[in-house]
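Biologist: Could you take me through one part of this structure closely, chain B and its helices, and then show me how that part relates to its partner chain? I work at the bench, so plain words are welcome.

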Amino acid sequence: MPSLSTVLTATRIIQDVKRCIVIPENDVRQLCFLSQELLMQESNIQLIDTPITICGDIHGQLHDLLTLFRIAKDPPETKYLFLGDFVDRGFYSLETFLLLLCYKVRYPDRIFLIRGNHESRQITSVYGFYDECLRKYGNANVWRYCCDVFDYISLGAYIMGASGESGGVFCIHGGLSPAVEKIDEIRLIDRKQEVPHDGSMCDLLWSDPEENIPAWAISPRGAGYLFGYDETKKFLHRNNLSLIARAHQLVMEGYKEVFDHGLVTVWSAPNYCYRCGNVAAVLTLSDDLERTYTVFDSVLQDCNEIPSKKPVADYFI
Amino acid sequence: MTSHDYIQPVRRILTEEDLTRWQSSESYNGLVAFIVRLADSVKGKELGTECELTPSVKDILKVLDSIQTIIGRHPVVTDKDISRFGKVEFRDFYDEVSSSADKLISLIDKTSELPGVSKELKVYLVESWGNRTRIDYGSGHELNFMCFLYCLYKVGILDLESDSEALVLVVFKKYLDNMRILQTKYWLEPAGSHGVWGLDDYHFLPFLFGAAQLAPMERMRPSSIHIPDYVDMFKDKFFYFACIDFINQTKTGAQSLRWHSPMLDDISGVKKWSKVAEGMIKMYKAEVLGKLPIIQHVFFGSIIAAPEGVSATRDLSGIDEEHGHIHIDHDPDSNLHLNTFGDCCGIKVPSAVAASAMEKKHFRPVPFD
């Protein structure tokens, strides 16, 4: 059970984030410490039971995350699993991540987070989250606190149906790794580190399914692999799974099942980067692992802006 | 130049140390000076201004026209699979540019006096249009087009005295027009996009050149980018406003630049265009020429020489994404089934040897998210 002070802090930050009020640096630090303590106790692969609502990439699109919670109901009413990529690109990466952390420390058994390839120092310093923190706070401290939390986020989840008959669901941000045959092997990874450049931990966060190849191929991303039909089928069989649920790739329809419904990509950032015109989706698994997709669109954003501490980049002074 | 040995350009910048060497190299300084010179030449000049076109500039325009024709030959037909954002027909366009690169270069008459020069020029020209595999485009590809022009200047085909203004107002304009067609037709994904935290999804230089055009303006302030009438009035005259117009048209879901382009919104608070123009050059040096994820893709040959002391090329390893296509059948010693796409070169497949050589190397290019 979270302590009373934790509950109060989390509840206050949740309210402030929803109103787009800037969260003081000290509160961010405190929340990050609380989250670390909680996350470090989780195993690399979390066992979660149904019913569960699975969400894909958010990428700092706070308004769309709030829409998601409105449509699928706020935690703790609905139990959630987020497949990573909370940050980068969008305007509100920090607030998005803080909101998820608040819910996590407030309702640890009702929301689960796994790590995406963007939850990394190297990637966030290139794709926007670092710039966002610097602009909002005038220094990179909150970025550092968040990156320290990233290292503790677990890598995947295993969902078993209440009936226990049909195979379970394996949830991961990216996909398969040629170095991982059984899910149990993932439990042996020392995950508390920056995402490595290669190896199984990297692959799990970076790989993509590819319909036109049977097995493995090098990924054009420069990290992880492309994996095809055959490898996916073998992995499902070997691990007694009915489905691999992953995120990591924009799909215009919000979700896409491939490989005879053995793998699904779930994407939860509608109109990605204000330009892609895609819809978003979440996947709800019932007790007998029946899949229901809820599709939603972006909203015109109408909340206050977080004021900038560093309004004009130094180049223009 | 009578007999000069042109060489196959390769990528050489791999580590932070390489990047530091690059930033103090002759190639870097030359390229920066070239871009600054081009920007200076259009101060106060509008697009559409009559300017003298030398035969070589006209030849480059022929190249760009031919590329536009190639775009026209590859319509988007596979709409049935709409899951992917980028349109796969971009690869057909790219392949045609790639296979006709020598012919395209030969349209520039003076290249015939420099045997072998095409070997270097065509790498930069082909790289200018985006990445074939990922179907994306970013400021690194834009930089390749600058490298292409810089090479033409270095080998003596272009003359900055007579050509600078036309290179920006006519040649770069034409390049940008082609890019806008490619971006909208094939839905090119923004390469390495910082999302809302970057200057723009695709481009940097039209902002740099555009701010230079506007630099002498005292009355109209940078904040005027927020006024729709101004954007409408100036979008055909200044690159900067053309870019704002493009953003306004393509970004949806937020009513203001503040949300989808906070950087441009910030810059609009600067008092004078001359400050914006100076800032753009500083920012280009830091955010494009000073960033490893971009510079690791820059090619070096004999015209743009590799900085002294940088890493050996990684392009010979077979991991290279676009050049020296290597196809290898299943390697029995490897636990990976190496297969290529049916459409040839869909995804690069390295040899197991090259792959393990890469494992040993700790330096890996920053991946594309």
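Modeller: Happy to; we will begin with chain B, then go on to the core, the interface and some backbone details of the partner chain. Please keep in mind that this is a predicted model.

Chain B contains 16 helices and 4 strands. Of its 369 residues, 46% count as buried. If you take the contacts in chain B between residues at least 6 apart in sequence, 77% of them join residues at least 24 apart.

A good helix to look at closely is α3(B), residues 55-72. This helix has 18 residues and reaches 26 Å from its first C-alpha to its last, close to the 26 Å expected at 1.5 Å a residue. Its buried residues are B:Ser56, B:Val57, B:Ile60, B:Val63, B:Leu64 and B:Ile67. They cover an arc of only 110° around the axis, so they sit on the same side of α3(B). What covers them includes α4 (89-99), α5 (101-106) and α8 (160-185) of chain B. On the face turned away from that buried side you will find the exposed residues B:Pro55, B:Thr69 and B:Gly72.

Now turn to α9(B), residues 205-214. Here 10 of the 10 residues are buried, so this helix is largely enclosed by the rest of the structure. Among them are B:Leu205, B:Phe207, B:Phe209 and B:Gln213. The cover over the buried residues of α9(B) includes α2 (26-41), α7 (139-154), α8, α11 (239-250) and α14 (273-287) of chain B.

One residue of α9(B), B:Ala211, leads us to the core. In soluble globular proteins, nonpolar side chains tend to be buried together. The largest nonpolar core in this model has 209 residues, and those with the most contacts inside it are A:Ile54, A:Leu98, A:Cys171, A:Val266 and B:Ala211. The largest share of this core, 11 residues, comes from α8(B). As for A:Ile54, its contacts beyond four places in sequence include A:Leu81, A:Cys171, A:Val266 and A:Leu285.

Next, the interface: 49 residues of chain A are in contact with 50 residues of chain B. On the side of chain A that touches chain B, α5 (121-127), α6 (129-137) and β8 (216-218) of chain A each supply at least two residues. The largest share of that side, 4 residues, comes from α5(A). By class, the side of chain A that touches chain B has 27 nonpolar, 12 polar and 10 charged residues.

Finally, some backbone details in chain A. Most residues other than glycine have a negative phi, and most peptide bonds are trans. A cis peptide bond joins A:Thr50 and A:Pro51, with omega about -5°, and A:Pro51 lies in the loop between β1 (45-49) and β2 (52-55) of chain A. The bond from A:Pro75 to A:Pro76 is also cis, with omega near 10°; A:Pro76 belongs to the loop between α3 (62-72) and β3 (80-82) of chain A.

A:His261 has a positive phi, near 65°, in the loop between β11 (255-258) and β12 (263-266) of chain A. This residue is exposed, with 10 other C-beta atoms within 10 Å. A:Cys273 has a positive phi too, near 55°, and lies in the loop between β12 and β13 (280-285) of chain A. A:Cys273, though, is buried, with 25 other C-beta atoms within 10 Å.

Definitions and conventions: Residues numbered from 1 in each chain as written. Chains lettered and ligands numbered in written order. Predicted model: local features only at pLDDT ≥ 70, side-chain atom pairs only at ≥ 80, totals over all residues. Expected span 1.5 Å × (residues − 1). Buried ≥ 20, exposed ≤ 12 C-beta atoms within 10 Å, placed from the backbone. Arc of directions from axis to C-beta. Contact = placed C-beta atoms within 7 Å. Core = buried A, V, L, I, M, F, W, Y, C linked by C-beta atoms within 7 Å. Nonpolar A, V, L, I, M, F, W, Y, C, P; charged D, E, K, R; others polar.
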